[in-house]
Every structure is written in structure tokens, then in C-alpha cells.
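Student: I have a model in front of me and do not know how to read it. Where do I begin?

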Amino acid sequence: MGVHSLLSTFSVLSLCTIFLLVLVTIPYKSFGFISGLAVEPPPDGICATSVTIHGYECQEYEVTTDDGYILSVQRIPQGRVGGGVNKKLPVILQHGLFLDGRSWVLNSPDQNLGFILADRGFDVWMASTRGTHFSRRHVSLDPSYLKFWDWSWDDLAAYDLPAVVDFVFNQTGKKVNYVGHSQGTVIALALFSQGKPVKQIDKVNSVALLSPIAYLSFIPEAALAKGFIAQVPIHTSILSSEIVSCSSARDGIFRKYDYGNLIENELHYGAITPPVYDLSAIPRNLPLFLSYGGRDLLSDVIDVQILLNALKLHDPDKLSVQYIQNYAHLDFIFGVNAKDVVYNKVISFILQHG
């Protein structure tokens, strides 16, 4: 599944084998759905297990992508003190590698971005990409069959993210603010790098990228295996794209999935090499906030500098960058001081451009 580089087969298999040995996917029982409507949440849904127990209102939604995958989306329409949603700014939270929508509400309410945003008066939407525990459904494919898993993270950018943006925009009637972490930054950069032809561009107010990833040229493989994986919560599941996204863009080029041979690439793309995601095509007036850490094994400092160089023509008034020397990859989500160090800046950024 999706590796967007010309890595050797050995390099890809070595990392992916490590991932497979460490984490195991857990089957998910299918539930009925009404696309586009609030539905009765599954008994072990994110609302029931992670949100309402803290005294917050939570609504379960299911969003169907154009290629038939059914995504789990949760809405926290208000904080614990109440209030309506009519004048609130909608914020989409998109999880990172190995995680799902629960990652935004796993800590205590005063430490989670999802709850902090709700208490600050935002209309919060948390999405889980295809293949994760609560999004392991399809209109016709069963997850027990390989065909269900025949996709790469290109499809997360082409189908999942657009479906969620369209859904939240249609539900609220307002432009959305997007916050992505890790893999959530990859798919945002991939989608918005296609520029104005992507209709979702006009439905987004601002984009905040935590641990932004487009290039992985300087990621240390040994350090990744020993360091990052050891931090991953054991209950999370692996997506087919997540297993190999660790090695994407290792050649310093942010591009679509490389099928590994000239014939397959020619068949899918009309060219022997995969198309490149042109980051300079991101609308220069789209407000961007990037926050990265000095101890991040996936969003390496040098790789982020390469990303920033690709954005060098972006409107300087629309580009904000934060560097945190002692932050690692998961600190942006689970760090007990993330509210003071990161989230307050994210909120200020959204309010500035909302």
C-alpha cells in the first residue's frame, strides 16, 4: 500500500515488518447507518467511551466517501457550560499515525484539544480515517476481504478528507478550520497542494499542522523503531497506509504512491513515475500554522525545513511557524503542557483568521 518514494524494497519491508510485529489490528463490528444524519452511536463509540463521560454533549455521525467508505465522525457542539452552535467556528480535528479520533480526547478535559476548543466556544468535529477502529466499514466491501484494504494514503487525501470537509461545511453552513496531526498533516498538504481545482479550498478558513510531514529524508529508521513505536498506545490499530507511510517521501520528493514498476505507474498515472504533489500550488493566501518539535522522530527538523522552503512563496502574513525544542511527535497530542505550549497558539491562530 501507499509508499510515495523510490525506496528500495528492503527498506520498505524492514520498517513495515517491525510495525506489523508490534501492533495488531482489531476487527470492528458493522452497524447500520444513515449517511449525513446523526445516528445512534455504537455501544462502544467515541462519544460514549471518551466524551459524554466527562459531561460534554456529543453527537455521532457517519460520512460516506465517494468510493464507499463509511467514516466515523464525532461532534462536540459546545462546552460543559452550554451555549448554542449558531455563531461558533467549526474546527475539524484529524488524527495522526496509528491513532483515530479518540486521540484528541484521551487526556483529562483540561489537557485535550477537543475539550479545550469546545470550552472555548468552538464547534468541534473529530474524524477517523478509513480502516481505523470506528471507520472500518464500507457500503459494499467487508473488511475481512483484501479489497477493502486496497488503498493508500493518497485515498485519504482524495476521498476521506474532502468528504469530511464537505460534510462539516454543509452541516454548519460555515467555512471550517482544520487541525491535523502527523498523518493528518500529510493528507491536508496533499489535498490543498492541488490548488484551486480542489473545491474544498473555498470551504476552509485556516489550516493548523502539528508535527507536519511531507518529507522523511532524514528520519532515522533505527530510532523510529526503538523510539516512536514504543510510545504508541497499544490499543490503536494500523491502517494499510499507515504501515508504510513511515517510508514515504524518503527520496525528498512529495509524490503519489509508487507502484514499484514502470508498467503499473504508466497504467495508473500515464507516466513511469508518480505525480508530484506541488506544495507551491497551495493558495498563498490560505492561512497556515505549522508547529514542530526538536525531538520529533517523524517530523524531523531538517525535513520540516525542506517543507518550509517549498512554502517560501507563501504570503508571510498567512504563514505562522512554531518550533518547540523539547517536543517529540506525540507531545503535540498527549503532552500535559500542550495547552500552554501549543493549543493556545492554535486557538489564537484560528481566531485571527476565522
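Tutor: Begin with a term: helices are DSSP runs of H or I with at least four residues, numbered from the N terminus. Keep in mind that this is a predicted model.

Student: How is empty space found, and how much of it lies in the largest pocket?

Tutor: Rolling a probe the size of a water molecule over the atoms shows where empty space is left. Here the largest pocket holds about 440 Å³ of space.

Student: Which residues lie nearest the centre of that pocket?

Tutor: They are S152, D154, D155, Y159 and Y259, out of a lining of 24 residues. By class, the lining has 13 nonpolar, five polar and six charged residues.

Student: Which helix gives the largest share of the lining?

Tutor: That is α4, with five residues. Both α4 (153-172) and α8 (262-269) supply at least two residues each.

Student: How do the axes of α4 and helix α5 cross?

Tutor: Angles of 65 to 115 degrees count as roughly perpendicular. The axes of α4 and α5 (residues 183-192) cross at roughly 80 degrees and come within 9 Å, so the two helices are roughly perpendicular to each other.

Student: Which residues meet there?

Tutor: From α4 come W153, L156, A157, L161 and P162; from α5 come Q183, V186, I187, A188, A190 and L191. This contact has 10 nonpolar residues, one polar and no charged.

Student: How many disulfides does a search of the whole structure find?

Tutor: One. C47 is joined to C58, with an S to S distance of 2.0 Å. The disulfide is left-handed because the torsion about its S-S bond is about -65 degrees.

Student: What does the pair tie together?

Tutor: C47 lies in helix α2 (residues 46-51) and C58 in the loop between α2 and β1 (59-64), so parts 11 residues apart in sequence are tied together.

How values were computed:
Residues numbered from 1 in each chain as written. Predicted model: local features only at pLDDT ≥ 70, side-chain atom pairs only at ≥ 80, totals over all residues. Heavy atoms only, no water. 1 Å grid on protein atoms, 1.4 Å probe; cavity = no way out; pocket = protein on both sides within 12 Å on 5 of 7 lines; lining within 4 Å. Points joined across faces, edges and corners; volume = space filled by probe spheres on them. Nonpolar A, V, L, I, M, F, W, Y, C, P; charged D, E, K, R; others polar. Axes fitted to C-alpha atoms, helices over the stretch in contact; angles between N-to-C directions. Parallel < 35°, antiparallel > 145°, perpendicular 65-115°, else oblique. Contact = heavy atoms within 4.5 Å. Disulfide = S-S within 2.5 Å.
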